[in-house]
Amino acid sequence: IYLSNLLIEMYSKCGNLEVAREVFHSIREPNVFSWNILLAAYVRHGRLDEARRVFDKMPERDSVSWNAMTSAYAQKGHMQAARSIFEMMPRKSIVSWNAMIQAYIQRGDLEEAKVLFDKMTERDAVSWTVMMQAYAQRGQLQEAREFFDNMPKPDVISWTAMVVAYAQAGHLREAEELFRKMPDRDVVAWNAMLAGFVTNGHMKQAREVFEKMEKRSLVSWNTMISGYGRSGDLENAVLLFEEMVERDGVTWTAMIQGYALNGHLDQALKLFQEMDLEGVVPDEATFSITFTSILTACSHAGEVPKGCKFFVEFQEDRCLQPTIDHYHGMIDVYGRGGKLQEAEDLVESMPFPPE
RNA sequence: CUCUGGCUAUUG
């Protein structure tokens, strides 16, 4: 049962909801964990109705089940429903409070989030960190820092989030200083510092950090490639790209974008095709993003025929449904290429309401 | 073994 539970989770996290369901149904006596994993799977995929059905059908629920439902409603913007689930819970854990606070923050209601935070009798690093981030994202860096300083036991994530907050606000000095004081820096923390230099245009310093890293992840490499591309240093971008032993969809998109940004549409498109030749199969969500970047590359270059070609291929060769973003990209291709009639026709024929 | 918070690519 323990192994089956792991299986359900694995499949649901790879986007294989159907298989996850099958595994669940093959268990003779699912326990609370099995039910919760299935519930979480539906929530992750945004299937609120199915999640609700599972929740109602569960023989017993623990606080994990209730928390998952709270997040499910919150994620769909149904705050009143989320809140009433929260109120109905037999026993609230710290996670229940954290999830509810995070829900309000996502809806932009920092005031209500703060009310809940103040009501908590016990808080953990997550409680403090989500509040800290909320203030930082609203531009209240000093407030954010107060949460950080008042936090009894900040963990690696709290530290990293604060570094990111400074870096994104352009306060690299503070970011660096905090980073240096950080007790246990993991790869994500290093990557965050790296990205701080990159997004502020300091590739030289970024490179130093990159070289100094004891352990690097795919994200480290991707960050550097993207940064070199943005700063016009295609040579270094390509060097790193070729040096990589393992690449993911982000790597390819970053490199493609690097070419596109620097006026090499031909190379960008070539790389896109090379992805196929190399047998790279990113998941659909990732590929969708790569494809969006191809369309905007074509539109910026005024390449109507090429944009059309890829747009058609996307549907016919790969049998994928264009998303609203893809239509947007394709409409731009036509619009910027002076094909206003075609752009209008596409707007009218797309299966989305035009904004 | 399941629920909440941190790093990279696209559009906005």
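In this predicted model, Cys319 is exposed, with a relative accessible area of 63%, and this residue is placed in the loop between helix 20 (304–316) and helix 21 (324–336). The backbone of Cys319 has a phi near 55°, a positive value in a residue other than glycine. Most residues other than glycine have a negative phi.

Asn98, by contrast, counts as buried because its relative accessibility is 5%, which falls under the 20% limit for that class. Asn98 is placed in helix 7, which covers residues 94–106. When neighbours within four places in sequence are left aside, the contacts of Asn98 are with Met120, Asp124, Val126 and Ser127.

The packing of two helices was examined next. The axes of helix 11 (residues 156–168) and helix 13 (residues 187–199) come within 9 Å of each other and cross at roughly 5°; because angles under 35 degrees count as roughly parallel, helix 11 is described as roughly parallel to helix 13. On the side of helix 11, the residues that meet helix 13 are Thr160, Val163, Val164 and Ala167, and their counterparts in helix 13 are Val188, Ala189, Ala192, Met193 and Gly196. Divided by class, the contact between these helices has seven nonpolar and two polar residues, with no charged residue taking part.

Helix 11 also gives the most to the surface near RNA strand B, to which this helix brings six residues. In total, 49 residues surround RNA strand B, and the closest are Phe33, Asn36, Asn67, Gln133 and Asn191. The residues of this surface comprise 24 that are nonpolar, 19 that are polar and six that are charged. Viewed from the side of the nucleic acid, 44% of the atoms of RNA strand B within 4 Å of the protein belong to sugar or phosphate, while the rest belong to bases.

Individual polar contacts with RNA strand B involve both bases and the backbone portion of the strand, as the following pairs show. An N or O atom in the side chain of Asn5 is 3.0 Å from a base oxygen of RNA strand B, and a polar side-chain atom of Asp186 lies 3.0 Å from a base nitrogen of the strand. For Thr223, the partner of the polar side-chain atom is a sugar or linking oxygen of RNA strand B, at a distance of 3.1 Å.

Methods
Residues are numbered from 1 along each chain as its sequence is written. Chains are lettered from A and ligands numbered from 1 in the order in which they are written. This is a predicted model: local features need pLDDT of at least 70, side-chain atom pairs count only at pLDDT 80 or more; totals for chains, interfaces and linings use all residues. Side-chain values use heavy atoms; hydrogens and water are left out. Axes are lines fitted to C-alpha atoms, for helices over the stretch in contact, and angles run from 0 to 180 degrees between N-to-C directions. Helices (H or I, at least four residues) and strands (E, at least two) are DSSP runs, numbered from the N terminus. Angles under 35 degrees count as roughly parallel, over 145 as roughly antiparallel, 65 to 115 as roughly perpendicular and the rest as oblique. Contact means heavy atoms within 4.5 Å. Ala, Val, Leu, Ile, Met, Phe, Trp, Tyr, Cys and Pro count as nonpolar, Asp, Glu, Lys and Arg as charged, and the others, Gly among them, as polar. A residue is near a molecule or strand if one of its heavy atoms lies within 4 Å of it. A polar contact is a pair of N or O atoms within 3.5 Å; within protein, one must be able to donate a hydrogen and the other to accept it, and residues adjacent in sequence count only if both atoms are side-chain atoms. Buried means under 20% relative accessible area, exposed over 50%, partly exposed in between (1.4 Å probe, protein chains only).
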